[in-house]
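Here is a model to question at the bench. Ask of each label what earns it.

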Amino acid sequence: MTDAAKITWRATVLSLYPDAFPGVLGTSVIGTAEQNGLWQLETVDIRDFAVNRHRTVDGPPAGGGAGLVLKPDISAKAIDSVVRDDRPLLYMTPRGRPLTQDRVRQLASGPGLVCFCGRFEGLDQRVIESRGMEEVSIGDFVLAGGEVAAQAMIEACVRLLPGVLGNSESALDESFEDGLLEYPLYTRPREFEGRAIPAVLTSGDHGAVDRWRRTQMEEITKARRPDLWDAHLERKGESPLRSEDNERD
Ligand code: ADE
C-alpha cells in the first residue's frame, strides 16, 4: 500500500445539533467503511463556543425582519477550532451553488472536508467572507437546517472512496457518471402483477442489452432533465437540438 492510500478521508461537521450525526452515515456501506477506517467523522458543537450564561448563539437580523442569525464571533471561534489540514470549508445553505457529481468527485479525491451546518435564518455574511466559505446547496428546497444536507453530501463523497463499494462497477455504471440518468432496473420474477421484464433483458444478447440501456438513458434524460441532455450533447460536440426547438416555438 502506498502512503497516499493510507491517508484517511476526514469529515468535520460543525453543528448546533451534533446528535444528528452520524445519522444515516452510520448505516450500511458508509457506516461499515468508517468502522473499517476508510474515512472518519468528527463533530463540533457550535454551542460549546457560546460565551454567555444562556449559551446564546443567535441574534436578530440587522435591518430587521424575521428569524435569527448565528452570531459571527461564536461561529468564527467554532470554525477556527478545527484543524483544516487543507480541507475545503463548506457552508450548507439553500443559497449555495448546487452540489454536482463533479464537485462530489473532487471532494472525494481530496483529504476530506469541513462543513458548517446553518440553522435559523443563517450565518453572518462577514464570517462567510472572512473564512472563505464555499456555499453549497443540495437542491432548490429549504430544509430546517444544514445537517441533512451535510449527510447527503458526505454520503455522496464516501461512496466514491476506494474500497467503500464492493462492486467497483456500481459506482461507474449509474446516473450522472456519463452525464445521463440511469436506465430502468428489473429483477426476477419475470412477470410481476402482469408486467413483464422487457424481453431484450432476458434475451441473452449482451450487445442488444447495452443498446437498449443506452437508449433508455438518453430518452429518460431528454424527458426529465433537458439541462443535462444539452450538456451531454455539447460534450459530445453536438449542438443541443432543444435550442432549435425553442426558436421554432
Ligand atoms: N439548508 C437548508 N436548506 C438547504 C439546502 N437545500 N441545501 C443545503 N443546505 C440547506
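The questions below take up the ligand, the domains, the pocket and the backbone.

This is a predicted model, where local features need pLDDT of at least 70, side-chain atom pairs count only at pLDDT 80 or more, and totals for chains, interfaces and linings use all residues. Residues are numbered from 1 along each chain as its sequence is written, and side-chain values use heavy atoms, with hydrogens and water left out.

Q: What makes a residue part of the group around the ligand?
A: One of its heavy atoms must lie within 4 Å of the ligand. M92, T93, P94, V136, S137, I138, G139, F141, V142, L143, G145 and A149 are the residues around the ligand.

Q: Why is the approach of F141 to the ligand called a polar contact?
A: A polar contact with a ligand is a pair of N or O atoms within 3.5 Å. A polar backbone atom of F141 is 2.8 Å from a nitrogen atom of the ligand, so the pair meets the cut-off. T93 has a backbone N or O atom 3.1 Å from a ligand nitrogen, and a polar backbone atom of G139 lies 3.2 Å from one.
How much of the ligand is covered? On its own the ligand has 260 Å² of accessible area, and the protein covers 96% of that (Shrake-Rupley method, 1.4 Å probe).

Q: Which elements give two or more residues to the shell around the ligand?
A: They are β5 (89–98) and β8 (134–137). β5 gives the most, with 3 residues. Strands here are DSSP runs of E with at least two residues, and helices are runs of H or I with at least four.

Q: What makes a shell residue nonpolar, polar or charged?
A: Ala, Val, Leu, Ile, Met, Phe, Trp, Tyr, Cys and Pro count as nonpolar, Asp, Glu, Lys and Arg as charged, and the others, Gly among them, as polar. The ligand shell divides into 8 nonpolar, 4 polar and no charged.

Q: How do you know where the domains begin and end?
A: The bounds come from an automatic or database domain assignment. That assignment gives domain 1 (3–158) and domain 2 (173–248). Their centres, taken over C-alpha atoms, are 35 Å apart.

Q: Why is the largest pocket said to lie between domain 1 and domain 2?
A: Both domains give residues to its lining, so the pocket lies between them. The lining divides into 7 nonpolar, 4 polar and 8 charged residues. α4 (101–109) and α8 (226–235) each supply at least two.

Q: What makes the bond between F21 and P22 stand out?
A: The bond is cis, with omega about 5°. Most peptide bonds are trans. P22 sits in the loop between β1 (9–15) and α2 (28–35). R188 and P189 are also joined by a cis peptide bond, with omega about 10°.

Terms used
Polar contact = N/O pair within 3.5 Å; in protein donor to acceptor, adjacent residues only side chain to side chain.
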